[in-house]
Amino acid sequence: MNTNLNNTLLRMEGISKAFPGVVALKNVLFEVSYGKVHALMGENGAGKSTLMKILAGIIQPDNGKNTFQGKEIQIKNPKAALSSGIAMIQQELSPIPEMTIAENILIGREPVYKVFSMVNRKKLRQTATELLKQMDLSINPDTKMKELSISEMQMVEIVKALSYAARLIIMDEPTSAISEKEVEKLFEVIGKLKEKNISIIYISHKIEEIYKIADDITILRDGEYIDTCSAKILLYDDLIKKMVGRELKEIFPKENIELKETVLEVRNFNKADKFSDISFCLRKQEILGIAGLMGAGRTELAEAVFGLDIPDSGRLFLNGKETKIRNPLDAINHGIGFIPEDRKIKGLILCRPVMENISLAYLNNFCTLGGIIKLEKERKESKRQVQNLKIKTSSIYQVVERLSGGNQQKVVLSKWLIGNASILIFDEPTRGIDINAKAEIYKIMTSFLKQDKAIIMISSELQELIGMCDRILVLHKGKISGEFERKDFNQERILKAAMGEEIIIKSDSKELL
């Protein structure tokens with residue numbers, strides 16, 4: 001922990017917070033220096049979000065005090081936090097889509113004419129333009145928010161934070177939905193903020209990202225402060241051990257296996273403006289990875305295989321037999337399951353119980369001929385899945401939105417495991433979940449393969465593709481730009497293929513099709 005108080009921007013000490021039945025924070029100490037990027041690490045449930053919500057004035061602590069810029073402050077609400085110079089950019093961005101960039105930046109603080117109290121739109125636009133220029137952003141302030149990419153929306157949120165004269169900006173999972181190129185742009189912006197002596201609290205489950213951007217790292221575990229270290233000296237394995245309380249010797253439980261016969265074959269799939277001339281095969285007990293930058297067509301290809309979208313042309317074979325997949329029901333009936341990129345929107349019904357989400361994909365298996373649900377059968381199977389997948393929930397009747405990200409992902413997985421799925425498509429299987437939950441998801445995937453089944457795995461995290469896959473296909477602008485066997489995995493070459501800098505196709509790839 002920093003002992004140079006003259007360089008201390010923020011000091012939170014003795015912070016405690018309890019909710020009914022749960023101690024979220026216990027006597028936590030957290031300190032941030034001027035002009036630094038300070039990573040806040042810990043598993044889901046470690047207390048990171050609670051601590052940041054206290055700092056942002058969203059909730060109140062039971063005990064503790066906050067010192068900011070050398071003065072003790074009371075943060076009674078978000079307005080008080082902003083007035084003090086503390087701004088938070090949450091993981092779930094909440095722009096007003098139909099309003100312009102300028103209107104979003106200065107909402108509630110619009111310049112008005114003194115006489116008529118009407119918004120001075122010329123001054124509004126001028127002020128927003130000046131703020132955007134401070135961050136070297138050449139975006140038209142009259143552009144509606146709905147027309148921006150996720151990364152551009154995040155940049156606007158940063159500008160909005162700076163418009164409050166923020167000295168400390170909290171960024172919660174800022175790269176969870178943006179491409180590698182956009183991540184680089186964000187890091188450039190963070191570098192400019194540091195030059196202005198503005199500090200960043202950075203929360204992310206992407207550990208390789210933390211080592212690229214952070215100066216210091218604080219670890220929480222089970223609501224308690226564990227340690228603060230310089231990112232330059234804290235080793236990866238030591239960070240993991242501090243986060244989970246034990247060593248994770250085998251994060252990627254990949255076993256070398258002999259691939260069996262082809263179970264899925266895609267020939268010459270084409271979809272206008274999405275992908276073209278895509279051909280590949282998938283074998284029993286294989287994890288086929290699909291890499292590529294955002295916009296490369298990875299998700300669109302997966303959705304075409306699952307029947308969520310219909311390709312303009314191309315053929316699909318299952319176990320050597322040509323098969324028409326016209327919709328998700330066709331896919332399910334042919335043993336294909338899909339774990340979507342956005343589990344909250346496409347994978348779960350958040351307001352419904354765990355049990356109902358588990359049985360959803362194969363609900364017919366729990367119904368009588370008259371369509372009446374056999375509740376006892378549904379309850380029994382749901383309890384079995386909760387036990388087998390170690391889903392942490394108070395009961396099968398708990399609504400899914402109250403579970404952690406890792407446990408929500410397990411619920412999505414469980415609904416395919418209760419049926420006859422022999423092929424699972426994972427789109428970003430570990431997005432937004434902690435390292436321990438990731439390891440558990442990988443174990444479930446490995447167990448699935450041992451049943452003579454197969455997996456297609458899409459991920460933006462190259463480390464997990466290399467750690468888990470038998471082969472990796474790389475897409476660039478909707479076309480296959482690379483194919484790698486496990487023995488030939490090379491991070492640099494895979495990235496080059498993803499960026500279109502080098503086309504790398506196996507010489508014998510045609511023999512696989």
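The following is a conversation about a predicted model, in which a colleague asks and a modeller answers.

Colleague: Which pLDDT is needed before a local feature of this predicted model is used?

Modeller: Residues are numbered from 1 along each chain as its sequence is written, and side-chain values use heavy atoms, with hydrogens and water left out. In this predicted model, totals for chains, interfaces and linings use all residues, side-chain atom pairs count only at pLDDT 80 or more, and local features need pLDDT of at least 70.

Colleague: What is the strand order of the open sheet of four strands?

Modeller: Strands (E, at least two residues) and helices (H or I, at least four) are DSSP runs, numbered from the N terminus, and two strands pair if DSSP finds at least two bridges between them. β2 (22-33) and β5 (71-73) each have a single partner strand, so one side of each is left without a neighbour in the sheet. With antiparallel pairing, the order of the four strands is β2-β1-β4-β5.

Colleague: Which residue of β4 stands opposite S16?

Modeller: Strand β1 (residues 8-19) and strand β4 (residues 63-68) are paired in the antiparallel sense, over five bridges. Within β4, the residue that stands opposite S16 is N63.

Colleague: What angle does the direction of helix α1 make with that of β1?

Modeller: Contact means heavy atoms within 4.5 Å, while axes are lines fitted to C-alpha atoms, for helices over the stretch in contact, and angles run from 0 to 180 degrees between N-to-C directions. Helix α1 (residues 48-55) packs on the sheet and touches β1 and β2, and the angle between its direction and that of β1 is about 115 degrees.

Colleague: Which strands stand at the edges of the open sheet of six strands?

Modeller: The six strands come in the order β6-β7-β8-β3-β9-β10, and their pairing is mixed. Two of them have a single partner strand each, so one side of each is left without a neighbour in the sheet; these edge strands are β6 (86-89) and β10 (224-230).

Colleague: Which residue of β8 stands opposite L168?

Modeller: Strand β7 (residues 168-172) and strand β8 (residues 199-203) run parallel and are joined by five bridges. Opposite L168, in β8, stands S199.

Colleague: Why are the buried residues of α13 placed on the same side of the helix?

Modeller: Buried means under 20% relative accessible area, exposed over 50% and partly exposed in between, with a 1.4 Å probe and protein chains only; in α13, the residues E378, E381, S382, Q385 and V386 are buried. On the other side of α13, E376, K380 and Q387 are exposed. The arc is that of the directions from the helix axis to the C-beta atoms. The buried residues are placed on the same side of α13 because they cover an arc of only 140 degrees around the axis.

Colleague: Which helices do the buried residues of α13 pack against?

Modeller: The expected span of a helix is 1.5 Å times one less than its number of residues, and for the 14 residues of α13 (residues 375-388) this gives 20 Å, which agrees with end C-alpha atoms that are 20 Å apart. The helices that the buried residues of α13 pack against are α12 (354-359) and α14 (405-417).

Colleague: Which residues form one aromatic cluster with F306?

Modeller: Rings of Phe, Tyr and Trp (its six-membered ring) pair if their centres lie within 6.5 Å, with planes under 30 degrees apart counted as stacked, over 60 as edge-to-face and the rest as tilted. By this rule the count comes to five aromatic pairs, and one of them is the edge-to-face pair of F306 and W416, at 6.0 Å centre to centre with 90 degrees between the planes. F306 lies in helix α9 (residues 298-306) and W416 in helix α14, so the pair ties together parts that are 110 residues apart in sequence. The residues that form one aromatic cluster with F306 are F338, Y362 and W416.

Colleague: Is L473 buried or exposed?

Modeller: L473 lies in strand β19 (residues 471-476). Not counting residues up to four places away in sequence, L473 touches F280, L288, G289, I290, A291, I480, G482 and E483. With a relative accessible area of 3%, L473 is buried.

Colleague: Which residue takes a positive phi in the hairpin of β19 and β20?

Modeller: Strand β19 and strand β20 (residues 479-485) run antiparallel and are joined by six bridges, and the bridge partner of H476 in β20 is K479. The hairpin has two residues between the strands, and the residue with a positive phi, near 50 degrees, is K477.
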